Amino acid sequence: MYASKIMEFIPALCNFCMYGALVAVTGFVGVVILLLKFTKPYPIVERFKEEETYKDPKTKSKNNFPDLNDPFKVHLSIIVPAYNEEERLPPMLDEAFEFLENRIESQPGYTYEIVVVSDGSKDKTVSVAEKYVEKYGCEKIRCLELVKNRGKGGAVKLGIFSCRGATILFADADGASKFEDLKKLEAALKEITKYDPLTQPEAISKSKTIVIGSRAHLEKESLAKRNIFRNILMYGFHFLVWLFTVKGVRDTQCGFKLFTRQAARTCFESLHVNRWAFDVELLYIAQKLNIPIVEIPVRWTEIEGSKITPVLSWIQMGLDLALIWLKYKIGAWKIKSV
């Protein structure tokens with residue numbers, strides 16, 4: 001009796017699966033058609049007129065930011081994206097300036113700049129940055145105030161487009177990474193390019209290499225501190241990164257990455273994603289262009305005040321990863337040849 005009912009149910013189940021698969025395929029084809037029709041193959045950079053200049057407190061004037069296509073003018077640029085970071089920004093900048101000023105004492109010809117990118121902040125982030133501009137001068141620190149929030153990737157991109165460095169470091173405003181670990185990244189850069197970033201800035205600026213800080217060696221300690229749900233989300237994200245985009249990089253999200261000027265120009269001119277998953281697309285582009293990527297262990301301390309909402313941000317990043325893969329796969333997004 002039961003067997004006969006099951007046998008009667010099987011054709012209906014097969015029909016349901018067949019029609020379900022047909023609907024899924026039709027929906028997928030529809031999404032692909034829409035993406036091809038309405039997606040721009042190359043990113044369009046939105047920049048307001050007010051965002052093209054920085055304030056000089058000495059002359060009380062506004063000067064134009066440089067362009068990434070210009071030749072380098074300083075050894076190192078540090079790009080610091082900051083959204084409502086009035087509390088966490090000062091300790092990070094103090095540590096950076098201490099390291100950089102000590103370097104100048106030992107190597108007088110060394111030059112640097114810090115570009116703080118306020119990503120539509122609603123607090124006193126801009127005022128905090130401008131106090132450092134008054135103290136150190138706009139040759140060493142500048143504030144790029146974005147009219148509206150772009151997302152971390154958008155803020156980093158506009159900061160890099162506005163810098164002068166032969167090498168360019170992107171560093172989070174929270175100061176979670178020890179700034180002194182820049183030496184490790186520079187040593188790896190020297191080993192790959194055979195040029196010293198401290199003494200051969202012109203040669204290093206024309207090479208193409210990316211050195212990224214990594215927290216992968218701290219993973220066991222982090223697993224013990226996080227709850228099981230967050231660990232599942234983390235592993236799920238790592239799996240999606242490996243499946244859809246970047247192979248061979250254990251930590252794509254660490255906010256401590258060093259680029260040569262040419263590598264930054266090549267990668268960021270094709271970068272579409274403005275939110276949290278921008279690091280992944282950036283490294284995906286670099287791998288597609290065969291730009292060397294080296295992962296170097298760095299010290300890292302979790303600082304309170306993170307803007308990432310664990311569940312929602314990771315779900316958004318997961319969706320972004322799938323879209324990155326799909327858009328490049330179908331040719332809706334393309335990589336510029338620079």
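What follows is a short chat about a predicted model and the terms used for its parts.

Trainee: What makes the pair Tyr328 and Trp333 edge-to-face?

Mentor: A search of the whole structure finds eleven aromatic pairs. In the one formed by Tyr328 and Trp333, the ring centres are 5.6 Å apart and the planes stand at 75°. Ring centres have to lie within 6.5 Å to pair, and planes over 60 degrees apart count as edge-to-face, so Tyr328 and Trp333 earn that name.

Trainee: Are Tyr328 and Trp333 buried or exposed?

Mentor: Both Tyr328 and Trp333 are buried, and that word calls for under 20% relative accessible area. Across the 338 residues of the chain, 49% count as buried.

Trainee: What links Phe97, Tyr112, Tyr132 and Tyr136 into a cluster?

Mentor: Ring pairs do that for Phe97, Tyr112, Tyr132 and Tyr136.

Trainee: On to the second largest pocket: which residues lie nearest its centre?

Mentor: Tyr54, Lys55, Lys62, Glu130 and Glu145 do, out of 17 lining residues. The elements giving two or more residues to that lining are β1 (53-56), β2 (61-64), α3 (125-136) and β5 (141-145). The volume of the second largest pocket is about 290 Å³.

Trainee: How many residues of each class are in the lining of the second largest pocket?

Mentor: Eight are charged, seven nonpolar and two polar. Lys and Glu count as charged and Tyr as nonpolar, so of the residues nearest the centre, Lys55, Lys62, Glu130 and Glu145 are charged, while Tyr54 is nonpolar.

Definitions and conventions:
Residues are numbered from 1 along each chain as its sequence is written. This is a predicted model: local features need pLDDT of at least 70, side-chain atom pairs count only at pLDDT 80 or more; totals for chains, interfaces and linings use all residues. Side-chain values use heavy atoms; hydrogens and water are left out. On a 1 Å grid over the protein atoms alone, a cavity is a set of points where a 1.4 Å probe fits but cannot get out, and a pocket is an open set with protein on both sides within 12 Å along at least five of seven lines; lining residues have an atom within 4 Å of a point. Grid points are joined across faces, edges and corners, and a volume is the space filled by probe spheres set on the points. Helices (H or I, at least four residues) and strands (E, at least two) are DSSP runs, numbered from the N terminus. Buried means under 20% relative accessible area, exposed over 50%, partly exposed in between (1.4 Å probe, protein chains only). Rings of Phe, Tyr and Trp (its six-membered ring) pair if their centres lie within 6.5 Å; planes under 30 degrees apart count as stacked, over 60 as edge-to-face and the rest as tilted.
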